[in-house]
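These are my notebook entries on a protein model with bound ligands. I set down what I looked up, item by item.

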Amino acid sequence: MNGKMHEKSFKDYFESPDFYQLDELLTTEHLMVRSAIRDFVKMEITPYVEGWAEKNHFPKEIVKKFGTIGAFGPTIPAQYGGGGMDYISYGLIMQEIERGDSGMRSTASVQGSLVMYPIYSFGSEEQKNKYLPKLASGEMLGCFGLTEPNHGSNPSGMETKFEDKGDHYLLNGAKMWISNAPEADIAVVWAKNEAGRIHGLIVERGMEGFTTPETHGKWSLRASCTGELVFSDVKVPKENILPGKSGLGAPMKCLDSARFGIAWGAIGAAMDCYDAARRYSLERIQFGKPIGSFQLIQKKLSEMLTEITKAQFLNWRLGLLMEQGKATTPQISMAKRNSVEMALKIAREARQIHGGMGITGEYPMMRHMMNLESVVTYEGTHDIHLLILGAEITGINAFS
Ligand code: TGC
Ligand code: FAD
């Protein structure tokens, strides 16, 4: 099915707030990248996304389109097909895509941060040349398998394992809640060897014993596809192990990059809700006046703009720290946690400003709100990020 079959005639009037003139801190390249992705989202995502979400449809054709506009692996060097851009550009791309839909941003951030990043950072030269250009162009779609049915917040307990069989590895186990899985051509899978050490393996669709059943019944991220990865005696060629890093630190390093993308992305969802509420408050007349003239509505809008502005600055500073290689995991946790909580609150308030109309797909808030319930859970739940911060503050790890 193509996008047109799910088309609804939505006109996208989005205008982004820049209350503290943060744009002056962005480079010409940043502004160009943001404007290109914003135009793309207005043309290719927002007119259709309500229809996709309503029908729980992942528009596979978006993958090649994302490849064309450079949404996959923006920070990966150009020699491997990436954008060779900085982290603020990456953040802005995620912000604009999630302004359209969190599920669309999931597709892009999994491909860039959780598939291309580990292959680029821990892969062999052969692996980089084989996979990265195809992933960057959207010719290939990837997914990242860390979470298991019995191990979500505590991935170090994972049960998926591989044995060295001389000329290949034999992989057994299962991963759950994996974005892109049902449509992915490859999976970066984290599994333990005989000694209990975690390694990354590249598993390709078509390998015998490897299946990717779809997860049905989601009320969230309905335009994104989610599934399981099931490994039943899968023979993985030895050249498919990522040689550069092992241990839990390897997948966690990928998550640092992906969580950074979410911190920016969630602001996009918040901006979309705020902007819709601002416009509605000027159009909707009650008691003979626009509802925007009532103090309680103005309070809601003022608080939304304040929170968006604070989050924009936190992310911008984090982008610079990422660029300098100085950003820490707790700093990233703070930004991810702050942005998603802020976006969820704004989605709820913006929905209220729309009254009854707010519960329909005529406006984006309910879809963003439902999507954000996944965003607040994946890549570390809200409380897990709180505990990562708590450990940083006190020096005491609440997990152990
Ligand atoms: P802990 O003892 O803290 O650490 C174990 C080892 O890992 C190292 N490490 C890191 N290394 C590099 N970067 C990081 N960010 C790291 N975090 C941890 C650490 O140094 C240690 O290494 P070593 O050599 O000393 O052994 O681990 P713990 O067992 O206490 O677990 C806590 C932890 C960190 C796993 C937990 O805080 C956590 O983050 N849980 C959340 C799990 C999670 O985020 N899963 C995400 C799955 S992927 C996903 O959701 C994709 S959704 C994508 C989409 O659709 O957009
Ligand atoms: P649990 O870990 O079972 O947590 C349940 C509750 O217990 C949470 O509230 C949690 O905060 C709390 N809790 C757990 N431990 C503690 C503690 N020590 N102290 C206090 N509270 C605690 N994973 C992937 O690997 N790849 C993907 O692509 C991917 N995509 C996803 C897409 C979607 C739509 C969703 C919903 C999830 C996805 N995930 C993916 C999985 C996601 O990362 C996990 O859902 C998340 O890490 C939480 O794990 P869990 O669901 O098992 O919850």
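The entries below cover the two ligand sites and then the aromatic pairs.

**Entry 1: status of the model.** I note at the outset that this is a predicted model.

**Entry 2: surroundings of ligand 1.** I listed the residues around ligand 1 and obtained 28, with Ser-106, Ser-179, Arg-259, Thr-329 and Glu-379 as the closest. Sorted by class, this shell consists of 12 nonpolar, 11 polar and 5 charged residues. I then asked which helices supply at least two residues each to the shell around ligand 1. They are helix 5 (102-122), helix 7 (249-283) and helix 11 (382-394). Helix 7 gives the largest share, with 6 residues.

**Entry 3: polar contacts of ligand 1.** I looked up individual atom pairs next. For Ser-106, a polar side-chain atom is 2.8 Å from an oxygen atom of ligand 1. Tyr-378 also places a polar side-chain atom by an oxygen atom of this ligand, at 3.3 Å. With Ser-153 the backbone takes part: one of its N or O atoms lies 2.9 Å from a nitrogen atom of ligand 1. I also recorded the area: ligand 1 exposes 1,100 Å² when taken alone, and the protein buries 70% of that. In the pocket search, the space taken by ligand 1 is the largest pocket.

**Entry 4: surroundings of ligand 2.** I repeated the listing for ligand 2. There are 18 residues around ligand 2, and those that come nearest are Phe-144, Thr-147, Ser-153, Trp-177 and Thr-381. The classes in this shell are 9 nonpolar, 7 polar and 2 charged residues. Strand 3 (168-179) and helix 11 each contribute at least two residues to the shell.

**Entry 5: polar contacts of ligand 2.** Which atom of ligand 2 is 2.9 Å from a polar backbone atom of Phe-144? I found that it is a nitrogen atom. Ser-179 has a polar backbone atom 2.9 Å from an oxygen atom of ligand 2. For Thr-381 the side chain is used, with an N or O atom 2.7 Å from an oxygen atom of the ligand. On its own, ligand 2 has 980 Å² of accessible area, of which the protein covers 66%. I entered the pocket result here too: the space taken by ligand 2 is the largest pocket.

**Entry 6: the two sites together.** I compared the lists. Ser-153 is among the residues nearest ligand 2, and its backbone also lies 2.9 Å from a nitrogen atom of ligand 1. Ser-179 is one of the closest residues to ligand 1, while its backbone is 2.9 Å from an oxygen atom of ligand 2. Helix 11 supplies residues to the shell of ligand 1 and to that of ligand 2. Both ligands take up the largest pocket.

**Entry 7: aromatic pairs.** I counted 16 aromatic pairs in the structure. One of them joins Tyr-87 and Tyr-90 edge-to-face, at 6.3 Å centre to centre and 80° between the planes. Both residues belong to helix 4 (residues 87-100), where they are 3 residues apart, about one turn of the helix.

How values were computed:
Residues numbered from 1 in each chain as written. Chains lettered and ligands numbered in written order. Heavy atoms only, no water. Near = heavy atom within 4 Å. Polar contact = N/O pair within 3.5 Å; in protein donor to acceptor, adjacent residues only side chain to side chain. Areas by Shrake-Rupley, 256 points an atom, 1.4 Å probe, with all protein chains shown as cover. 1 Å grid on protein atoms, 1.4 Å probe; cavity = no way out; pocket = protein on both sides within 12 Å on 5 of 7 lines; lining within 4 Å. Sits in = over half its atoms within 2 Å of the grid points. Helix = DSSP H or I, 4+ residues; strand = E, 2+ residues; numbered from the N terminus. Nonpolar A, V, L, I, M, F, W, Y, C, P; charged D, E, K, R; others polar. Phe/Tyr/Trp six-rings, centres within 6.5 Å; stacked < 30°, edge-to-face > 60°.
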